[in-house]
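Visitor: Hi, I've got a model open and want to talk through its fold. Can you start with the ground rules?

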Amino acid sequence: MTQALEDLRIVDFSRVLAGPFATMVLADLGATVTKIERPGTGDDTRAWGPPYDEAGQATYFQAANRNKDSVVLDLRSDEGRAEARRLVAGADVVVENFRPGVMDRLGLGYDAVRAESPGVVYCSITGFGSGPGAALPGYDLLIQAVGGLMSITGEPEGEPQKVGVALVDVLSGLFAAVGVLTALRHRAHTGEGQRVEVDLLSSLLAALANQGSAYAVAGHVAGRMGNAHPSIAPYEPLPTAEGELVLAVGNDRQFRSLAAVLGRPELADDPRFADNDLRVSHRGELRSLLVDALAGRPAAAWIRELGDAGVPAGRVNDIAGAFALAESLDLAPIVEVPRADGTSAPSVRNPIRLSATPPTYRSAPPALGGTEAPAS
């Protein structure tokens, strides 16, 4: 099957998560990705475990490296740098996430590559940009801390909390993939390549969305609210007779339906709760009334009835429960990717669905310096 990016060649010098995640997304859409790894150990995430699969490979590495070849090069050696330059000379896209200046010292920086390949799209991912923050190390946890995300995550009286996944790296990888595709679109019209720069701190600030806008526009500095929402109520988990029930009531119609299902229709006309602004202002009183109303039945029973009434509600799943839900909805969240030995490896499906050029899963994450066999 023809894929939208099957004519693209990408040389990927990045490691860990943001860069590899970006190039995996592009590889899923057809691009040929050559992953450059250091001798002996390769990408750091090859050793980030547990857990490991039955072959002893870290599942972390597998999260961002399917559909790629692996080439081992010692970039400290003349031979390694010469081979890297040869690979880059034939590439449409170069991706790297070294600290600013490292690729220049290796003779593989943007200016050097562009001199040989004017149409190259060269993507650099950094922690804090190429200016005064160039020397600062860019780790997801650090960015979550200094970028404000931890200050709005957790209970009001508790300590700041990180998100349970390297969310900043993932978001930065997605921004990088969008930037690369945009630059390729420009090249298709003009023949000109360009440099794409994405930094983790700016990616997080952009992804703060309503919280970032609240500061930029109104000077409002949000704090930790636990599971409550700063601008919507009720929008949080609530206890029931058995289990937690998550309510995500986004408008007055849904609140009226909620009140009816709970057998408390008068709440919709209560002057404290008549619209969202009022419900936010009186969230503590509203929560107490909802907890009392929900106490008579288990969460599962409420979820069924609320769903029938069009009220967004659900349970707090663990990871297994989340995948089971996706399976029950025919979303097929896990795909099998072929290995070189004829077996297959499970992998999490790319969420992009395209009617004409869908993602493909051609090869499992490669062995260091090797490649998995392509799908037949």
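Guide: Sure: strands (E, at least two residues) and helices (H or I, at least four) are DSSP runs, numbered from the N terminus, and two strands pair if DSSP finds at least two bridges between them. The model is predicted, so local features need pLDDT of at least 70 and side-chain atom pairs 80 or more, while totals for chains, interfaces and linings use all residues. Residues count from 1 along each chain as its sequence is written, and side-chain values use heavy atoms, with hydrogens and water left out.

Visitor: Okay, what's the strand order in the open sheet?

Guide: The six strands run β3-β2-β1-β4-β5-β6, with parallel pairing. β3 (68-72) and β6 (194-199) sit at the edges with a single partner strand each, so one side of each lacks a neighbour in the sheet.

Visitor: And the twist from one strand to the next?

Guide: On average, 20 degrees; axes are lines fitted to C-alpha atoms, for helices over the stretch in contact, and angles run from 0 to 180 degrees between N-to-C directions.

Visitor: Switching topic: which strands does α7 lie across?

Guide: Helix α7 (residues 167-190) crosses β4, β5 and β6, at about 165 degrees to β6.

Visitor: What do its buried residues pack against?

Guide: The buried residues of α7 pack against α1, β4, β5, α6 (140-146), β6 and α8 (200-207). Contact means heavy atoms within 4.5 Å. Buried is under 20% relative accessible area, exposed over 50%, partly exposed in between (1.4 Å probe, protein chains only). Among the buried ones are Val168, Ala176 and Arg187.

Visitor: What comes just after α7?

Guide: Gly191, with a positive phi of about 80 degrees.
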